[in-house]
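Welcome! Have a look at the sequence and the structure below, and then we can talk through a few questions together.

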Amino acid sequence: MPEIKLENITKRWGKFFGVDNVSLNIPDNSFITLLGPSGCGKTTILRMIAGLETPTEGRITIGDTVVFDSDAGINVPPNKRKVGFLFQNYALWPNMTVYENISFGLKNINEEMPDVDIEAKQTGDMIRSLQNGNKVKEIVSECFDKNGKLDEKKALVKLIDAFSLSIFTAKELFDLKIHEAAEPNAAAQSKLADYEKKLEDIKKKYAGEGKELNDKFEVTQGGKVLETKRKLTKEEIDSRVRACSRIVKIGMFMDRYPAELSGGQQQRVAIARTLAPRPQVLFMDEPLSNLDAKLRLEMRYELQRLHVETGSTFVYVTHDQMEAMTLATRICLVNNGVLQQYAAPLEVYNKPANLFVADFVGNPSMNFVDAKGTQKEDGSFEVDILDGIKAEFVPEVKMDITEWRSKRDQADREKEELERERLSRKGAVEKTNKDEVFKYHIQKVTEQDDSLLDEPVITDEDYVIGIRPEAIDIEEDGSIEATVYGAMPTGMESTLKLKIGDFLLTGVIFGGMIYQIGQKERIEITGKNILLFDRRSGRLIANGSLRIKG
């Protein structure tokens with residue numbers, strides 16, 4: 001499977017930039033989630049990679065093939081990019097059976113592909129199946145109903161799944177009546193010799209032509225697989241349909257129509273239909289949003305397993321950060337058309353690049369606390385928080401805030417210069433949706449409309465401290481006194497709103513303890529994943545620990 005590379009991809013409609021200068025490298029066999037709020041540009045990115053949307057500028061490469069380049073005038077259509085699609089709407093044909101839905105696209109394939117000797121393949125599959133007559137009998141024996149009648153359809157499906165056969169080969173195996181023999185191994189061995197001779201004769205025929213069959217029964221000459229432009233045979237179509245149905249466990253539903261299936265089963269059919277043409281990349285746009293919560297959770301496990309079994313590259317769009325965290329090998333977090341962070345899920349959670357990422361990822365959301373202070377000679381920060389509480393933030397890795405600010409200012413100057421250069425080009429327009437510093441929310445007992453407040457004067461002494469709810473512990477000798485303002489027990493944990501002066505902090509307390517509203521407690525902020533943000537730019541400065549001073 002190929003690597004996907006996006007270089008400076010932009011998509012705009014007039015003055016609105018749906019995607020603004022996004023660059024990404026999506027490694028082979030990865031599971032990438034495009035995450036962000038509605039309207040952020042994540043679906044537009046997916047559609048541009050797939051070829052359903054044309055970028056305004058930039059370059060997209062899938063493997064070694066450039067599929068879009070604005071400068072070179074290249075724009076390969078979607079059907080030539082060898083990609084598969086799975087959307088919120090399953091779009092199954094209601095007048096077709098499950099089998100027909102999955103196989104429909106395969107019948108239209110007409111391209112260069114290896115020459116396969118179908119007779120040799122079926123013979124080889126029969127030889128492989130007849131190696132174990134006892135297993136054949138055991139499988140068929142499981143398909144008798146309570147009245148002792150054999151369910152032939154069920155037996156064929158089980159043989160297909162057990163030996164990875166097509167329906168044609170499964171029927172041939174079933175018709176040998178191995179399952180009726182008193183000694184199934186002996187019966188299988190008696191048939192085996194005929195099939196082995198048949199396969200040997202086919203190989204001798206190719207040898208006479210200076211050709212060979214490889215282990216996939218593809219015709220080779222001089223070690224090279226021979227290819228011709230052709231359509232798939234019925235055997236190949238059926239083998240692919242059965243293989244995909246086996247992966248998503250819908251083998252028994254081949255004769256049913258979509259209306260006779262549950263939502264989860266329809267989803268599985270849509271996945272099988274997408275996998276059957278063997279796409280290089282599988283694109284999914286919120287495919288689980290139509291399912292109920294329990295089924296959605298089950299399908300997440302299925303998608304994880306599917307990714308491992310197929311070895312394909314998955315690009316998955318979602319606004320659900322829980323889906324992104326549990327499924328992805330890397331998360332691409334987008335806001336306002338701008339890439340905010342591209343990293344592994346735990347890195348996004350523990351080291352968010354900025355205030356927006358910190359706020360968006362995590363449930364319950366991160367607590368934000370305004371802080372004012374300076375860095376001391378030993379590298380720690382002495383800060384005031386929560387209306388007068390003295391605290392010390394100690395970075396996990398020693399750093400110099402003056403040097404950090406210098407790099408910040410340099411990056412801002414370079415960004416401004418690039419924007420001036422862009423606006424100087426012919427046809428350039430000023431953006432209406434600019435990437436601005438995220439306006440974080442501080443929880444208070446008395447809420448205020450932030451839009452009515454005057455913009456604060458921010459200095460280099462202004463910071464924001466981010467505290468994950470699980471970093472707040474209730475301890476008998478805790479440093480801060482708090483009052484339980486709200487409590488939501490869920491069994492193994494309780495989510496608390498803790499009042500400190502006029503401020504509220506959200507904490508997740510593990511255990512079956514019951515907390516009453518108004519109850520006084522003492523809390524401690526623990527762990528080394530407390531985050532210090534620059535209030536001016538919203539960027540992460542460092543992660544570390546927070547010590548409350550008496």
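**Getting to know helix α10 and Arg422**

Q: Which residues of α10 are buried?
A: This is a predicted model, and residues count as buried when under 20% of their relative area is accessible. In α10, the residues that meet this are Leu295, Met299, Arg300, Glu302, Leu303, Leu306 and His307.

Q: What covers the buried residues of α10?
A: Contact here means heavy atoms within 4.5 Å. The cover includes the helices α8 (234-248), α9 (263-275) and α11 (321-327), along with the strands β3 (31-35), β13 (281-285) and β14 (313-318).

Q: How far apart are the end C-alpha atoms of α10?
A: α10 has 18 residues, and at 1.5 Å a residue they should span 26 Å. The model agrees with this, as the distance between the end C-alpha atoms is 26 Å.

Q: Which element of the protein has the lowest mean pLDDT?
A: The protein as a whole averages a pLDDT of 90, with 99% of the residues scoring at least 70. Strand β26 (residues 530-534) has the highest mean, 97. The lowest mean, 82, belongs to helix α10 (residues 293-310).

Q: Is Arg422 buried or exposed?
A: Arg422 sits in helix α14 (residues 401-424). Its relative accessibility is 14%, and the cut-off for burial is under 20%, so Arg422 counts as buried.

Q: Which residue joins its side chain to that of Arg422 in a polar contact of 2.8 Å?
A: Beyond its neighbours within four places in sequence, Arg422 is in contact with Phe17, Ala428, Val429, Glu430 and Lys431. The side-chain partner in the 2.8 Å polar contact is Glu419.

Definitions and conventions:
Residues numbered from 1 in each chain as written. Predicted model: local features only at pLDDT ≥ 70, side-chain atom pairs only at ≥ 80, totals over all residues. Heavy atoms only, no water. Helix = DSSP H or I, 4+ residues; strand = E, 2+ residues; numbered from the N terminus. Buried < 20%, exposed > 50% of the residue type's maximum accessible area, 1.4 Å probe, protein only. Polar contact = N/O pair within 3.5 Å; in protein donor to acceptor, adjacent residues only side chain to side chain. pLDDT = per-residue confidence, 0-100. Expected span 1.5 Å × (residues − 1).
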